[in-house]
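Open the model in your viewer and keep the selection tool at hand. The tour goes stop by stop.

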Amino acid sequence: MRVIILGNAGAGKSTLAQRLAATAAAARLSLDEVAFHGGTQRRAVRESVDAAKRWIALHDRWVIEGCYADLIEPLLDFCDELIFLNPGVAACVAHCRARPWEPEKFRSRQEQNAQLDFLIDWVRSYEERTDEYGLARHRALYDSYPGRKREITDPRDYQPVGPAE
């Protein structure tokens, strides 16, 4: 199993990735871990991709998740399946509002909540954005991927498939 999950913030990527990794005894990488130099400053794309490739080399079975099309694209050659998690903006906003505290990203629940309005505005702009995080870029990446892929509108509907033939 070598799966990449792509989608908007709040789509359920982390939840699905955790579930898949636990079910398949696979390692899990959130691209947030390689995308930033602590805080909100993005690392150079090449540096992030190299870090992700080093991580991939350490694991036979893995799940990678993120909203970074610029990081996912160069990793697609390593995956067996691409999942585009696309539940719609309203669901993503609801998920963001219900999100538990993420201690790997924020020092406190209060710090996380202080960013919630910004996050929700960003999530709501998904369909209009033309950057690496927007629907247009995610759709183009998904549509151009020649391997096994699935678009899922509800992460609860995910059903694993057998090995690629």
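What follows is a walk through strands, rings and charged side chains in a predicted model.

**Stop 1: strand 1**

Select residues 2–7, which make up strand 1. Is this strand mostly buried or exposed? Five of its six residues are buried, so the rest of the structure largely encloses strand 1.

Now bring in the neighbours. Add residues 62–66, which form strand 3. Strands 1 and 3 run parallel and are joined by five bridges. To see one position, pick L6: G66 of strand 3 stands opposite.

Next, add strand 4, residues 81–85. Strand 4 also runs parallel to strand 1, with five bridges between them. Pick I5 here; I83 is its bridge partner in strand 4.

**Stop 2: from strand 4 to helix 8**

Stay on strand 4 and turn on ring side chains. The structure holds five aromatic pairs. One of them is F84 with Y142. Put a centroid on each ring: the centres are 5.6 Å apart. The planes make an angle of 45 degrees, and the pair counts as tilted. Which parts does this pair tie together? F84 lies in strand 4 and Y142 in helix 8, so the contact links parts that are 58 residues apart in sequence.

Check accessibility on both rings. F84 is buried, at 0% relative accessibility. Y142 is at 10%, which is under the 20% cut-off, so Y142 counts as buried too.

Keep Y142 selected and add K149. The charged end of K149 sits over the ring of Y142, 5.0 Å from the ring centre.

**Stop 3: the ring cluster**

Select F36, Y68, W122 and Y133. Ring pairs link these four residues into a cluster. Then add R129 and look at W122 again. The charged end of R129 sits over the W122 ring, at 4.0 Å from its centre.

**Stop 4: the R137 network**

Switch to charged side chains. A search of the whole structure finds 12 salt bridges. Start with R137, in helix 8, which spans residues 135–144. Which residues share a salt-bridge network with R137? They are E73 and E132.

Take the E73 contact. R137 and E73 meet at 2.7 Å, N to O. E73 lies in the loop between helix 4 (69–72) and strand 4, so its bridge to R137 ties together parts that are 64 residues apart in sequence. E73 is partly exposed, with a relative accessible area of 41%.

Now take the E132 contact. Here the side chains of R137 and E132 meet at 3.1 Å, N to O. E132 is partly exposed as well, at 25% relative accessibility.

**Stop 5: along helix 3**

Select residues 45–57, helix 3. Show the side chains of R46 and D50. They form a salt bridge at 3.2 Å, N to O. How many residues apart are the two partners? They are four apart in helix 3, so about one helical turn separates them.

Colour the pair by accessibility to finish. D50 has 30% relative accessibility and counts as partly exposed. R46 has 47%, and is likewise partly exposed.

**Views to save**

- Strand 1 with its parallel partners, strand 3 and strand 4.
- F84 and Y142, the tilted ring pair, with K149 over the Y142 ring.
- The cluster of F36, Y68, W122 and Y133, with R129 over the W122 ring.
- E73, E132 and R137, linked by salt bridges.
- D50 and R46, the salt bridge within helix 3.

Methods: Residues numbered from 1 in each chain as written. Predicted model: local features only at pLDDT ≥ 70, side-chain atom pairs only at ≥ 80, totals over all residues. Heavy atoms only, no water. Salt bridge = Lys/Arg side-chain N within 4 Å of Asp/Glu carboxyl O. Helix = DSSP H or I, 4+ residues; strand = E, 2+ residues; numbered from the N terminus. Buried < 20%, exposed > 50% of the residue type's maximum accessible area, 1.4 Å probe, protein only. Pairing = 2+ DSSP bridges. Phe/Tyr/Trp six-rings, centres within 6.5 Å; stacked < 30°, edge-to-face > 60°. Lys NZ or Arg CZ within 6 Å of the ring centre and 35° of its normal.
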